[in-house]
Amino acid sequence: MPLNCSSLAAKVPHILGQGRIYTPNYVGKFFCFFPCKRTYQNSSLQIVSLSKLNQSFTSSIMEDLKSLDLSSPQPEKYSKEMDIAVRAVQMACSLCQKVQDSMISKANSQVQAKDDNSLVTVADWSVQATVSWILSESLGNRNVSIVAEEDVRTLSKADKAGLLEAVVQTVNECLSEAPRFGLKAPQMFLTTAEVLEAISHCNSTGGPTGRFWALDPVDGTLGFVRGDQYAVALALIEDGEVVLGVLGCPNYPMRKEWLNYHHRYHRIISKLTPPTSESWDKGCVIYTRKGSGEAWMQPLLQGQKKLVWPNSARPVQVSSIDNPALATFCEPVEKANSSHSFTAGLAHSVGLRMQPLRVYSMVKYAAIARGDAEVFMKFARAGYKEKIWDHAAGVVIIEEAGGVVTDAGGRPLDFSKGMYLEGLDRGIIACAGAKLHDKIIKAVDASWNSSSL
Ligand SMILES: Nc1ncnc2c1ncn2[C@@H]1O[C@H](COP(=O)(O)OS(=O)(=O)O)[C@@H](OP(=O)(O)O)[C@H]1O
Ligand SMILES: [Mg+2]
Ligand SMILES: [Mg+2]
Ligand SMILES: [Mg+2]
């Protein structure tokens, strides 16, 4: 039967607006279909490539098309989950921006210290409730299992009624905007009990089998309360493997200028108040599907606009720099979270000359995936166990953008052992490419015994 554009589009729902096509051998490449002009197999179909394709590559796609069973197209795996996750993270970022703006102008009664002295805010609980509610509503409550950072212990205390009220109001304000993000809003305001239930629903402990989400509602809470960088991180893990990663970075603009800004901020004006989010330009959401070989970035939704995607997305890729002398490395801001002295020695030994880029949160993973930095290292104190939600989304995004992430022994991070990255050897190393990664791993081994870690 001749192929023509409209019959193909009708039969292959996975030809997306942007002109992406998924064929058996070429999944997710960037093509555009235009009707007429040239004929293909008696059809009025023309394939126009938006990337630089050679003739033989184009021909092989033609072969793929011929072999496609158009009567029973295979939808892309996890496409529904990806769609919901990106929309939910966009919504969560918008919630965080509002809370962060209001915190900068108000006294911080909305920030609480947890038992381990780390911080938690109205935004952390509100994002967890919102994302949990959206996932359950969209994918079915019974199908959705979530491992997440926060719980309701503090919020349920009698003297925290004001805090709980602020969370319930923030969640309802956010959910009322769901249609702008292409999601369904609740028919009525969620009650306090429903908000607490949504937070508590995130009680999975992960593990090696089945499917669960890993959510860090606000990663880098310290950065968040300081008006600085933070991230919303959501990953889908199936049978121990991270299969989807979505990272919202509300203060990380689509364009790279922020990096220079950051350096200036830390070197020259570090004694001044951190900038408000207006002056950072607005952020981005980066996402990927395992095995796609691609990671995508879309701008954060602004003002009263409606979310249009994937039309607004563009691909991101790691940097091609493999010479340590030219590479930028990033690490946690807090010395308590990673040894700055060990990484400084290591950087010196491999010839990393650039100043370390110290950024709160999984924005560090985003910086590597976007090609804005080349190495990320984290060496927590002995005995600290890394949690899966602090890394899952970032790891898969870097890998699909072309990078490599392992522990310091060169082994992949293991997301199958529950809520912690059990068996992690010393620390985490993410690099823009295998060559650079190899050099850093060797340097860790060489430096480790002489260090006091
Ligand atoms: N002692 C210690 N060592 C290592 N890591 C710790 C430690 N304490 C906390 N955490 C976790 O670190 C998360 C923030 O990590 P970062 O790499 O972004 O650190 S930093 O904020 O830039 O300093 C942070 O995530 P959030 O709590 O979501 O902010 C914590 O999960
Ligand atoms: Mg925390
Ligand atoms: Mg975190
Ligand atoms: Mg967190």
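1. **The seven-stranded sheet.** In this predicted model, start with an open sheet of 7 strands, ordered E6-E7-E8-E9-E10-E11-E12, in which the pairing is mixed. Strand E6 (146–148) and strand E12 (314–316) stand at the edges; each has a single partner strand, so one side of each is left without a neighbour in the sheet. If you look at how neighbouring strands lie, they are turned by 25 degrees against each other on average, direction ignored.

2. **A pair inside that sheet.** Which strand pairs with E9 over 6 bridges in the antiparallel sense? Strand E10 (residues 284–289) does, alongside strand E9 (residues 241–249). A good place to find this pairing on your screen is Cys-249, whose bridge partner in E10 is Cys-284.

3. **Helices on the sheet.** Two helices are worth tracing here. Helix H4 (residues 122–139) packs on the sheet and touches E6, strand E7 (211–219) and strand E8 (231–238). The direction of H4 makes about 150 degrees with that of E7. Helix H11 (residues 392–400) also packs on the sheet, touching E8, E9, E10 and strand E11 (295–299). For H11, the direction makes about 100 degrees with that of E9.

4. **The magnesium site.** Now look for the magnesium ion (ligand 3). Its protein donors are Asp-216 (OD), Asp-219 (OD) and Asp-390 (OD), lying 1.9 to 2.0 Å from the ion. Along the chain, these donors follow the spacing D-x2-D-x170-D. Why does the pair Asp-219 and Asp-390 tie together distant parts of the sequence? Asp-219 lies in strand E7 and Asp-390 in the loop between E15 and H11, so the pair links parts that are 171 residues apart in sequence. Asp-219 is buried, with a relative accessible area of 9%, and Asp-390 counts as buried at 14% relative accessibility. The magnesium ion (ligand 2) is 5.2 Å from the magnesium ion (ligand 3).

5. **The two sides of helix H9.** Helix H9 (residues 340–350) is a nice one to rotate. Its buried residues are His-340, Phe-342, Thr-343, Leu-346, Ala-347 and Val-350. They cover an arc of only 155 degrees around the axis, which puts them on the same side of H9. On the other side of H9, are Ser-341 and His-348 buried or exposed? Ser-341 and His-348 are exposed. The cover over the buried residues of H9 includes strand E13 (329–331), strand E14 (357–358), strand E15 (375–378) and helix H12 (434–448). After H9 comes Gly-351, with a positive phi near 85 degrees.

6. **Strand E17 and its partners.** In strand E17 (residues 428–431), Ile-428 and Ala-430 point one way, while Ile-429 and Cys-431 point the other way. All four of these residues are buried. It helps to remember that side chains in a regular strand alternate between the two faces of the sheet. E17 pairs with E15 in the antiparallel sense over 4 bridges, and there Met-377 stands opposite Ile-429. Strand E16 (residues 404–407) is joined to E17 by 4 bridges too, and these strands run antiparallel. In that pairing, Asp-407 stands opposite Ile-428.

7. **Stepping back to the domains.** The protein is divided into domain 1 (5–66), domain 2 (79–316) and domain 3 (324–447). How far apart are the C-alpha centres of domain 2 and domain 3? They lie 23 Å apart. The contact takes 55 residues from domain 2 and 31 residues from domain 3.

Definitions and conventions
Residues numbered from 1 in each chain as written. Chains lettered and ligands numbered in written order. Predicted model: local features only at pLDDT ≥ 70, side-chain atom pairs only at ≥ 80, totals over all residues. Heavy atoms only, no water. Pairing = 2+ DSSP bridges. Axes fitted to C-alpha atoms, helices over the stretch in contact; angles between N-to-C directions. Contact = heavy atoms within 4.5 Å. Buried < 20%, exposed > 50% of the residue type's maximum accessible area, 1.4 Å probe, protein only. Arc of directions from axis to C-beta. Donors = N, O, S within 2.8 Å, 3.2 Å for Na, K, Ca; no water. Domains from an automatic or database assignment.
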